[in-house]
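Work through the exercises below with the model open. Try each task before reading its solution.

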Amino acid sequence: MGREIESIVNILTYYKSLGFNELPAKFIESFLRARKQSYLSLQGATTPVKSRSSIQSAGSMNLKDEIYIEAELEKIKEEVGKCTKCQLSKSRTNPVFGEGNIKARLMFIGEAPGVDEDRQGSPFVGEAGKLLTSLIQKMGFKREEVYITNTVKCHPPNNRDPLEEEVSSCFEYLKKEIEIISPKVIMTLGKVATYVLMGMKGKIKELAISKIRGKVFSYNSIPVVPTFHPAYLLRDRKDKWLTWEDAQEALKYIKNHS
């Protein structure tokens, strides 16, 4: 019963955000039946996360799919909130999970939350976030139309780069986010996010984003366009035009899949 109640709460919360005050009981019943048969085992069995592309195989995403995706993301967010896999959990103020459109064609992956993000619990809300928002708008999107997340979900002390073990501890969360959102293209912001999706091991310090950017690679058949982290561009604005070149490359992939 506990899982059924949780499912109903998820549905009502979603509809409330849309402005509805009532929901037909028959819809709840049919949703729970479909959830039990196709998505989750109400008996507690573990099922793999399905990507949005697999959910949409029968056509465009419908309301039931959206509710499922929202619930899956919320479940991972709760896991992040309780996570103590690495030492960053001891010093964080707030874990920072991804935010944005669950139908996003474009996904941005940064390195780790900064001080402002740690305080507010949202990704890219500081000065670097303002620069990223500006880039998103220049690309023809609103911030709420894309999906933004980080490789590591907790703020490293003194804004240092995440350590290898911290990156490894958080990778499963990022992997699930990508599977669920299933964007048409990913832009990695900085060397850490690029390093992770390239599948490199033990070479974070050796990777130079200046040598990687401009080269598109693939992660689980999704094109990945590496570029500079906005925090770097705040220090060295002369490379902003290179970031715009990378953004243009990402837009090509989106256009080809529109």
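**Exercise 1. The largest cavity**

Task: Divide the lining of the largest cavity into nonpolar, polar and charged residues.

Solution. The model is predicted, so the lining is read from predicted coordinates. Start with the count: there is 1 cavity of 30 Å³ or more. Its volume is about 50 Å³. Next, list the lining. Val-80, Cys-83, Thr-84, Lys-85, Cys-86, Ser-89 and Arg-92 belong to it, as do Val-152, Lys-153, Cys-154, Cys-170 and Tyr-173. Then sort by class. The lining has 7 nonpolar, 2 polar and 3 charged residues.

**Exercise 2. The largest pocket**

Task: Find which residues lie nearest the centre of the largest pocket, and which element gives the most to its lining.

Solution. Take the volume: the largest pocket holds about 600 Å³ of space. Now the lining, which comprises 26 residues. Nearest the centre lie Glu-111, Ala-112, His-229, Ala-231 and Arg-235. Go on to the elements. Those giving two or more residues to the lining are α6 (115–120), α7 (127–138) and α11 (230–235). Of the elements, α11 gives the most, with 4 residues. Finish with the classes: 12 nonpolar, 6 polar and 8 charged residues.

**Exercise 3. Sheet order**

Task: Trace the order of the strands in the open sheet, and name the edge strands.

Solution. The sheet is open and has 6 strands, in the order β1-β3-β2-β4-β6-β5. Its pairing is mixed. The edges are β1 (99–100) and β5 (217–219), each of which pairs on one side only.

Check the senses pair by pair. β1 and β3 (residues 147–150) pair in the antiparallel sense, over 2 bridges. Within that pair, Gly-100 has Tyr-147 as its bridge partner. β2 (residues 106–110) and β4 pair in the parallel sense over 4 bridges. Here Met-107 stands opposite Ile-186. On to β4 and β6 (residues 222–227): they pair in the parallel sense, over 4 bridges. Leu-189 stands opposite Thr-227 there.

Last, add the helix. α12 (residues 240–256) lies across β2, β4 and β6. Its angle to β6 is about 170°.

**Exercise 4. The surroundings of β4**

Task: Decide why β4 counts as largely enclosed by the rest of the structure.

Solution. In a regular strand, side chains alternate between the two faces of the sheet. Test each face in turn. On one side, Val-185, Met-187 and Leu-189 are buried. On the other, Ile-186 and Thr-188 are buried. Both faces are therefore covered, and 5 of the 5 residues of β4 (residues 185–189) are buried, so the strand is largely enclosed by the rest of the structure.

**Exercise 5. Two serines with positive phi**

Task: For Ser-182, decide: buried or exposed? Do the same for Ser-221: buried or exposed?

Solution. Recall the background: most residues other than glycine have a negative phi. Ser-182 has a positive phi, near 50°. Ser-221 also has a positive phi, near 70°.

Locate them. Ser-182 sits in the loop between α8 (164–181) and β4. Ser-221 sits in the loop between β5 and β6.

Apply the cut-offs: buried is under 20% relative accessible area, exposed is over 50%. Ser-182 has 14% relative accessibility, so Ser-182 is buried. Ser-221 has a relative accessible area of 71%, so Ser-221 is exposed.

How values were computed. Residues are numbered from 1 along each chain as its sequence is written. This is a predicted model: local features need pLDDT of at least 70, side-chain atom pairs count only at pLDDT 80 or more; totals for chains, interfaces and linings use all residues. Side-chain values use heavy atoms; hydrogens and water are left out. Buried means under 20% relative accessible area, exposed over 50%, partly exposed in between (1.4 Å probe, protein chains only). Two strands pair if DSSP finds at least two bridges between them. On a 1 Å grid over the protein atoms alone, a cavity is a set of points where a 1.4 Å probe fits but cannot get out, and a pocket is an open set with protein on both sides within 12 Å along at least five of seven lines; lining residues have an atom within 4 Å of a point. Grid points are joined across faces, edges and corners, and a volume is the space filled by probe spheres set on the points. Ala, Val, Leu, Ile, Met, Phe, Trp, Tyr, Cys and Pro count as nonpolar, Asp, Glu, Lys and Arg as charged, and the others, Gly among them, as polar. Contact means heavy atoms within 4.5 Å. Axes are lines fitted to C-alpha atoms, for helices over the stretch in contact, and angles run from 0 to 180 degrees between N-to-C directions.
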